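Dear colleague,

Here is the structure I promised to pass on. My notes on it follow below.

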Amino acid sequence: MLFCTNCGSDLSEGSLFCNKCGNEINGVQKAVQSAQLVQSSKVNDDSQDITLTQEEQRAENIKQIKRDIKPILGCFGLIILFFILLAACAASNKTEPKRLEDYSNKEMRDFLKWKLNEDQKQRDNEPFFK
């Protein structure tokens, strides 16, 4: 027997929706149902069907769901780890700006020429009388 994950009511075999709340039965529940069918088909030494109580069935359902969710959680963990490493690499690649003493004489001359040219262009564009 299968139980609805939404309301906990009993579900009939082969049903696609819960008769009580209308919740759709997902693939995990179907896998649990097929596993339960295999279990119920097994017989013990006295050739009698093995039956599980409702609590045992719910425990089996929970175990099956936990087994199915572990790979998904592992993938999420790897994605989070990737972004943490990416952020760490980005943070370590930041360089501090050069100090004035770190520039060579040629770099300083080139900058001053550029700055003088820019200032001259700005003065040329300004009207003589304001």
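**Nonpolar patch**

Ile-69, Ile-72, Leu-73, Phe-76, Ile-79, Phe-82, Phe-83 and Leu-86 together make a nonpolar surface patch of about 820 Å². Please bear in mind that this is a predicted model. One of the patch residues, Ile-72, sits in helix α2, which covers residues 54-92. Ile-72 has a relative accessibility of 46%, so it counts as partly exposed.

**The chain as a whole**

The chain has three helices and two strands. In sequence order the pattern is β-β-α-α-α. Of the 130 residues in the chain, 12% are buried. The accessible surface of the chain is about 11,200 Å², and carbon and sulfur atoms account for 58% of that surface. As for contacts between residues at least 6 apart in sequence, 30% of them join residues at least 24 apart.

**Salt bridges**

Side chains of opposite charge can pair when their charged atoms come close. How many salt bridges does a search of the whole structure find? The search finds five, and three of them are described here, beginning with helix α2.

In helix α2, the side chains of Lys-63 and Glu-60 form a salt bridge, at 4.0 Å from N to O. The two residues are three apart in the sequence, about one turn of the helix. Lys-63 is partly exposed because its relative accessibility is 46%. Glu-60 is also partly exposed, with a relative accessible area of 28%.

Helix α3 spans residues 105-125, and Asp-110 and Lys-106 are four residues apart in it, so about one helical turn separates them. They form a salt bridge in which the closest N and O atoms are 3.0 Å apart. Are these two residues buried or exposed? Asp-110 has 37% relative accessibility and therefore counts as partly exposed. Lys-106 has a relative accessible area of 51%, and since exposed means over 50%, Lys-106 counts as exposed.

Helix α3 also holds Lys-121 and Glu-118, which lie three residues apart, about one turn of the helix. Lys-121 forms a salt bridge with Glu-118, and their closest N and O atoms are 3.7 Å apart. Glu-118 counts as partly exposed because its relative accessibility is 30%.

Regards

Note on methods. Residues numbered from 1 in each chain as written. Predicted model: local features only at pLDDT ≥ 70, side-chain atom pairs only at ≥ 80, totals over all residues. Heavy atoms only, no water. Patch = residues over 30% accessible without salt bridge, like charges linked within 9 Å, V, L, I, M, F, W, Y side chains within 5 Å. Areas by Shrake-Rupley, 256 points an atom, 1.4 Å probe, with all protein chains shown as cover. Buried < 20%, exposed > 50% of the residue type's maximum accessible area, 1.4 Å probe, protein only. Contact = heavy atoms within 4.5 Å.
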